[in-house]
Protein chains: 2
Amino acid sequence: MTTDPKALVFDAYGTLFDVHSVTRLADSLFPGRGPALSQAWRTKQLEYTWLRSLMGRYDDFNAVTADALDWALESLGLAAEPEARASLIRAYRTLAMFPEVRGALERLGGQRALAILSNGHPDMLDAVVDHNELRVFFGERVLSVHEAGVFKPDPRVYAIVTAQLGLPAEAVGFVSSNGWDAAGAKSFGFRAFWVNRGKAPVERLGSPPDAVVEDLAGLARLLAG
Amino acid sequence: MTTDPKALVFDAYGTLFDVHSVTRLADSLFPGRGPALSQAWRTKQLEYTWLRSLMGRYDDFNAVTADALDWALESLGLAAEPEARASLIRAYRTLAMFPEVRGALERLGGQRALAILSNGHPDMLDAVVDHNELRVFFGERVLSVHEAGVFKPDPRVYAIVTAQLGLPAEAVGFVSSNGWDAAGAKSFGFRAFWVNRGKAPVERLGSPPDAVVEDLAGLARLLAG
């Protein structure tokens, strides 16, 4: 890094918040099937964001998340009572954050603005940020794709950041555990930090990240020195 | 069906041709790992078509297929010699067709025009169509997304069909084993026939297919009576 980014923008689901923290609830509803349900649900949820964006048929992340759950349940041969289904969808509002998040944000803030850019509907994002008591770090800079009417990695989504923060793309560091999101951010012009929590291969999408860290503590060591 | 479609347009990979016919070659190169490699490769190949389309970074299907193979090999901890890698990529030009394809096309043609619309690069499509001796059914109506510079399910791709065949969308029946492709076609305005080879749940994308069949013989029974 030649110069320090003026703002750090974080992906939410998978980066700050553990989408698989729904596994315990899923496993209590469907004993032994929790991990498979959580995995199938998340995979389909992402697919639907990409497909609806390409089809020009945006629907908000609440709806996409519910649709993906219904598909995942059926694919696994599971039938959920309405209350069980509702409890799984509600769980997205109280996802746990990863254990190092608070300490890393404390080290990374102060010198620079911190923000979130997420596929989540604004209501879902506000709920999970407040549940984890992270508002102090982000203030009003909790940005949703919803106003663009399309999901990541469409460049119109990343443009919300430059418009809202009033910064050129090259002054923004974008942090995501989703390799494809880091690639989309890099392609847009941000500096991309990939949090490779799953020790996955780098995505071959033509725009590799500027740096790879294993978690947000690693990002704090890299940037906060 | 109130009226019979004037043209039937088929997806290629997974619908006419079995993408998992590369499994045997993959298994001979990496004993015991062929099925896992074939699965990871195909999943990532589709992801990359969606992601590159959304990012506005189209690259042709040869390149995407090679990139996805490299990712899949690394994710499974497999190292391929250059010749082994090249042989896997070449295998996409000689994929086997599903066993019922020829008989179904014989029954479905004659009364209506048959065409292909595929993510494949024109060179790849011509190769696999000729390898399976299906040219007699499709003639020059082997259409590629390549001219649109974007992959399915972007509506600009389906518009290639209406432009090339000179038909309104509602006169076209679109046939795909990929549920998301059937949904994209239906959203565009085609009549959508989903060939549910994998007995999967219907995709929740807001545009369910007009009919579901288990294979192309089932489609022939439905339409050729």
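A salt bridge here is a side-chain nitrogen of Lys or Arg within 4 Å of a carboxyl oxygen of Asp or Glu. By that yardstick, chain A and chain B share 4 salt bridges. One of them pairs E74(A) with R204(B), with the closest N and O atoms 2.9 Å apart. The model is a predicted one, so local features need pLDDT of at least 70 and side-chain atom pairs count only at pLDDT 80 or more, while totals for chains, interfaces and linings use all residues. As for bookkeeping, residues are numbered from 1 along each chain as its sequence is written, chains are lettered from A and ligands numbered from 1 in the order in which they are written, and side-chain values use heavy atoms, leaving out hydrogens and water.

Polar contacts were counted as well (pairs of N or O atoms within 3.5 Å; within protein, one must be able to donate a hydrogen and the other to accept it, and residues adjacent in sequence count only if both atoms are side-chain atoms). Between chain A and chain B there are 14 residue pairs in polar contact, both residues being at pLDDT 80 or more. On the chain A side, helix 2 (34-55), helix 3 (61-75) and helix 9 (179-188) each bring at least two residues to the surface that touches chain B; helices are DSSP runs of H or I, at least four residues long, numbered from the N terminus. Helix 2 gives the most, with 9 residues. Sorted by class, that side has 13 nonpolar, 6 polar and 11 charged residues, where Ala, Val, Leu, Ile, Met, Phe, Trp, Tyr, Cys and Pro are nonpolar, Asp, Glu, Lys and Arg charged, and the others, Gly among them, polar.

In terms of contact (heavy atoms within 4.5 Å), 30 residues of chain A meet 30 residues of chain B. The buried area, meaning the accessible area (1.4 Å probe) that the two parts lose on being put together, summed over both, comes to about 2800 Å², with carbon and sulfur atoms giving 63%. In chain A, L54(A), M55(A) and R204(A) lose the most area to chain B, together 28% of what that side buries.

Chain A superposes on chain B by a rotation of 180° with 0.0 Å of shift along the axis, at an RMSD of 0.0 Å; the fit is by least squares on C-alpha atoms of residues with pLDDT of at least 70 in both copies. The two copies are thus related as by a two-fold rotation axis. Both use the same surface, as 100% of the contact residues of chain A recur in chain B.
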